[in-house]
Structures are given as structure tokens and as C-alpha cells.
Amino acid sequence: ITVIFIFAVLRTAYGLTSSDLTTLDSAVREVVPGNVALLVRLAFHDCVGGCDGCLNVDNPSNAGLEPLVEDLDAVYVANSLDTLVSRADFWAYAGQFALARAITNTNLACDTADANCPVPDLNISFQTGRVDCSTAPYTDVDVGLPSSHIPYANLTAFYADNFGLTEEESVAIMGAHTLGGAEIDNSGFSGVWVRGGAQLFNNDYYTLLLDDTWRQRDVSDDATDPRWQWNAAGVGMMLNADMCLIKEVELDDDGESSCSYDDCADSDGASIVQNFAASQDDWLEKFASAFTKMQATGDFVLSDVE
């Protein structure tokens with residue numbers, strides 16, 4: 001694919017050149033097959049608490065990411081990328097590369113009659129200057145990742161406090177869930193968010209949130225450790241943290257809602273979801289802004305690539 005961040009001459013704190021960027025591209029290409037959604041997920045998890053190229057693999061919220069970190073570090077070391085970028089920069093670049101790959105996948109699968117096709121580039125600029133933690137790529141620090149049952153007010157507060165996102169941007173960044181899904185062995189939840197679209201990057205996530213066939217169910221086989229999620233036949237899966245964007249779900253300590261999709265009142269984010277469902281361009285604009293702010297979080301100064 002042609003990555004959206006290709007430059008004639010690159011000059012940063014690391015003194016990158018166009019040939020160096022080719023090296024980064026080649027390294028990421030070794031890892032990206034089958035890992036598009038995971039690379040975007042890692043980009044988010046790394047930047048909670050500050051983008052520092054370090055992941056606490058003992059935190060259950062990071063389950064499923066350890067093999068990816070191992071693969072990224074293998075190519076990072078084998079290609080001596082430490083002379084070019086920090087691990088945090090490499091992970092940020094890989095996240096942007098993965099988004100570009102997802103957009104390419106989407107456009108290859110596009111129906112020319114679809115008004116949302118083709119999906120335009122996000123035009124997220126790659127910047128360098130992120131600083132790794134001293135034990136990179138691993139840490140034992142708990143950065144406070146959000147719960148899958150987090151309510152809307154807490155969700156938007158989390159994004160505002162951690163990344164400086166607006167309410168619209170908070171709802172927009174959740175659209176990354178258009179990619180990939182959940183696995184029982186990792187999170188205890190099961191299924192893809194968008195049935196038939198787990199490798200595609202578009203606004204289907206928001207369109208599907210408006211479907212009125214969502215029903216909550218416990219997918220755990222352990223009665224002492226329930227996993228309440230929302231399913232709609234032939235549509236996909238949503239966590240409570242997703243559903244709270246559209247509905248004011250009322251949850252108990254286990255995550256079970258006392259109201260159904262039809263009975264729950266609309267949440268404060270419902271109008272934003274409706275707008276993103278109606279306008280993919282509006283969502284992409286807010287998503288790009290949110291992702292850029294997220295990747296700039298930390299105690300460092302980023303340098304533009306010229």
C-alpha cells in the first residue's frame with residue numbers, strides 16, 4: 001500500500017531521511033498482516049498515561065497484546081531502529097500505518113454505489129520525540145485503562161483527562177472499534193464489533209449502534225464471573241462502553257443492564273452517534289483530531305517531519 005505519510009526529506013530530532021522512513025515501513029510490514037486492529041489497540045493502550053513504548057502485560061486489560069509487542073520488538077532490534085526512533089515513536093508509526101492499511105482494505109472492498117466510498121486518507125502527520133520508559137518495552141505500572149462497563153460521563157471524562165479530547169472527539173475515537181473484535185481467552189467477551197467488517201475502517205460502527213435489535217447477554221461460562229455484552233443477530237457485538245454512547249444503560253456491579261435497548265433512555269452522546277452515522281466525513285475529521293491528540297500525550301516535545 002501507499003502509506004499516507006511519505007515525505008521527500010525528513011528532518012527530526014532523530015535526523016530521519018526518506019530512506020529511514022522506508023526502513024520503518026519495511027519493519028512494520030513484517031508485523032501488520034493479521035494485526036491491523038491490534039496495532040491500533042496498542043497505540044491507544046500505550047498512550048494512556050503517556051506514550052512511552054511500554055506495556056504492562058500482566059494487566060488483564062492488555063491481554064492479547066503481548067505477542068504483538070514481542071513481534072514489534074523483534075523487528076525493532078533486528079533493524080536497529082533505536083538509531084532512528086524510540087519504541088514509542090515506532091509504535092505510534094505502526095498505529096498510523098495500520099489505519100492506512102485498514103483504509104486501503106476498505107477502499108478495495110468498496111461498492112462504487114456507496115456514497116461513503118472511497119474512504120479518504122486521515123492525513124495524520126507522523127511526528128517524533130516520544131520518550132521510552134526506562135524498562136521498555138515492558139513495565140509494571142498500572143496506567144488506569146478504562147473499564148468495559150464505564151458509563152458515558154466517565155468515558156468522556158477519561159478521554160478529556162488523559163488526552164484533552166472534546167466530547168465529540170471522545171465519541172469519535174471509540175469508532176476504532178469498527179476494527180477487530182473481542183476474544184473469550186483475552187477479555188472474556190466474544191465477537192466482532194461489526195459483523196463482516198472487522199478489517200474495514202468506516203462509520204458502520206455508528207450506523208449499527210442505531211440498530212434496534214440489540215439484546216444484552218452474559219457470554220461467560222462461569223456464573224461467578226459474568227461477561228455482559230450486547231449482541232444483535234447478523235449485526236455484531238457491543239460492550240457496555242460502546243452502548244453507553246447511544247443509550248443511558250443502567251448497570252449493576254457485574255455490568256448487567258436493568259433496561260433494554262428499547263427502554264433505556266438516549267444518552268448524552270446519542271446525537272453525536274447519529275451525526276457520525278449520517279456523516280462519515282464528520283466522523284473521520286473528529287477521529288483524526290482525536291488520534292493526533294492521543295499520540296501527543298506524554299512528557300516530551302514532538303517534532304514535525306518536514
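**Exercise 1.** In which sense do strand 4 and strand 5 pair, and over how many bridges?

*Solution.* First, a word on the input: this is a predicted model, where local features need pLDDT of at least 70, side-chain atom pairs count only at pLDDT 80 or more, and totals for chains, interfaces and linings use all residues. Residues are numbered from 1 along each chain as its sequence is written, and side-chain values use heavy atoms, with hydrogens and water left out.

Next, locate the strands (DSSP runs of E, at least two residues, numbered from the N terminus). Strand 4 covers residues 215-218 and pairs with strand 5 in the antiparallel sense, over four bridges. Pairing here requires at least two DSSP bridges between two strands. Finally, check the partners: aspartate 218 bridges to tryptophan 228 of strand 5, and arginine 217 to glutamine 229.

**Exercise 2.** Follow the chain from strand 5 into strand 6 and describe the connection.

*Solution.* The two strands form a hairpin with three residues between them. In the turn, glycine 234 has a positive phi of about 75°. Strand 6 (residues 236-238) then runs antiparallel to strand 5, joined by three bridges. Tryptophan 230, for instance, stands opposite methionine 238.

**Exercise 3.** Assemble the sheet, then explain why strand 5 is largely enclosed.

*Solution.* The order is 4-5-6 in an open, antiparallel sheet of three strands. Strands 4 and 6 each have a single partner strand, so one side of each lacks a neighbour in the sheet. For strand 5 (residues 228-232), four of the five residues are buried (under 20% relative accessible area, 1.4 Å probe, protein chains only), so the rest of the structure largely encloses this strand.

Technical notes. Buried means under 20% relative accessible area, exposed over 50%, partly exposed in between (1.4 Å probe, protein chains only).
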